[in-house]
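Work through the following exercises with the coordinates open, and try each task before reading its solution.

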Amino acid sequence: MVWQFKDIKKYHKESALNAIVWITTFLTVVIIDIDIGLLVGVLVSLFVLYLKGFKSYSCMVGQVAGTDIYVDLKSHKNAAEVPHTKIFRYWGSINFATCGSFKKELCDHLGIDCRLIRRASLCESQAEARGFSHGVRNLIIDLGAVPHIDVRGYRALLEIKNEMKVIDVKVFLAEASDCVYDSIVKAVKLGADKMESFPTIHDAVLYAVRDKKD
């Protein structure tokens, strides 16, 4: 059984968290007892799944020239930003526990201090507030990799929309899955304002560009 410890390299290559589960289970079985070790392994596995559920990743995406494909700007040199438009992609749930970090990640990627957005809401004129937008006129939030959103999470999106409106930036949603869309519809039925949403990022881009020309 001890000889199986060599398998740790394989599990570590798959995932560091998987390696932690394996090591914890292995050591508990060897040091304490098999039954206790298996129980600990199950509990640690559940905890790891919990962590993965809250683990998020985000990036800004751009358009591959001549296509309707949108990819991570940092990973693909052949992609470029749509003029005057920022596209924010988020992997992870948006709920009461994560909406704060979601907003922070968004502001970080936009290069805007969240406090400046709040200050902009106190500006006496719209022209003064526009100084905070850095030439951006549209923000598209890609929900394609969001598995779940609750009412509080949707209200966080509304807060972002209202704050961006102060600095003359329009906010659109794109690629919401069926379950996410259903959650948004539920939030609207409970009294939340409706946001403009599109089936794909490209649809949102075309609308934003057309709206700007109009």
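**Exercise 1.** In this predicted model, determine which residues ring pairs link into a cluster together with Y90.

*Solution.* Following the ring pairs from Y90, one finds that they join it with F88 and F102 into a cluster. For the wider setting, the structure holds seven aromatic pairs.

**Exercise 2.** Classify the geometry of the pair formed by F172 and Y207, and state which elements it ties together.

*Solution.* A pair of aromatic rings is described by the distance of the centres and the angle of the planes. Here the ring centres of F172 and Y207 are 5.7 Å apart. Their planes stand at 80°, and since planes over 60 degrees apart count as edge-to-face, the pair is edge-to-face. As a next step, locate the partners: F172 belongs to strand β6 and Y207 to helix α9 (residues 201-213), so the contact ties together parts that are 35 residues apart in sequence. Finally, F172 is buried, with a relative accessible area of 0%, whereas Y207 is partly exposed at 23%.

**Exercise 3.** Describe the surroundings of strand β6 (residues 170-174).

*Solution.* Begin with burial: four of the five residues of β6 are buried. Next, take the strand β5 (residues 138-142), which runs parallel to β6 and is joined to it by five bridges, with I140 having F172 as its bridge partner. Then turn to strand β7 (residues 197-198), which pairs with β6 in the parallel sense over two bridges, A174 being partnered by F198. Last, trace the connections: β5, helix α7 (residues 151-166) and β6 form a right-handed β-α-β unit, and β6, helix α8 (residues 178-189) and β7 likewise make a right-handed β-α-β unit.

Definitions and conventions
Residues are numbered from 1 along each chain as its sequence is written. This is a predicted model: local features need pLDDT of at least 70, side-chain atom pairs count only at pLDDT 80 or more; totals for chains, interfaces and linings use all residues. Side-chain values use heavy atoms; hydrogens and water are left out. Buried means under 20% relative accessible area, exposed over 50%, partly exposed in between (1.4 Å probe, protein chains only). Two strands pair if DSSP finds at least two bridges between them. A crossover is right-handed if, with the strands pointing away from the viewer, the path from the first strand over the helix to the second runs clockwise. Rings of Phe, Tyr and Trp (its six-membered ring) pair if their centres lie within 6.5 Å; planes under 30 degrees apart count as stacked, over 60 as edge-to-face and the rest as tilted.
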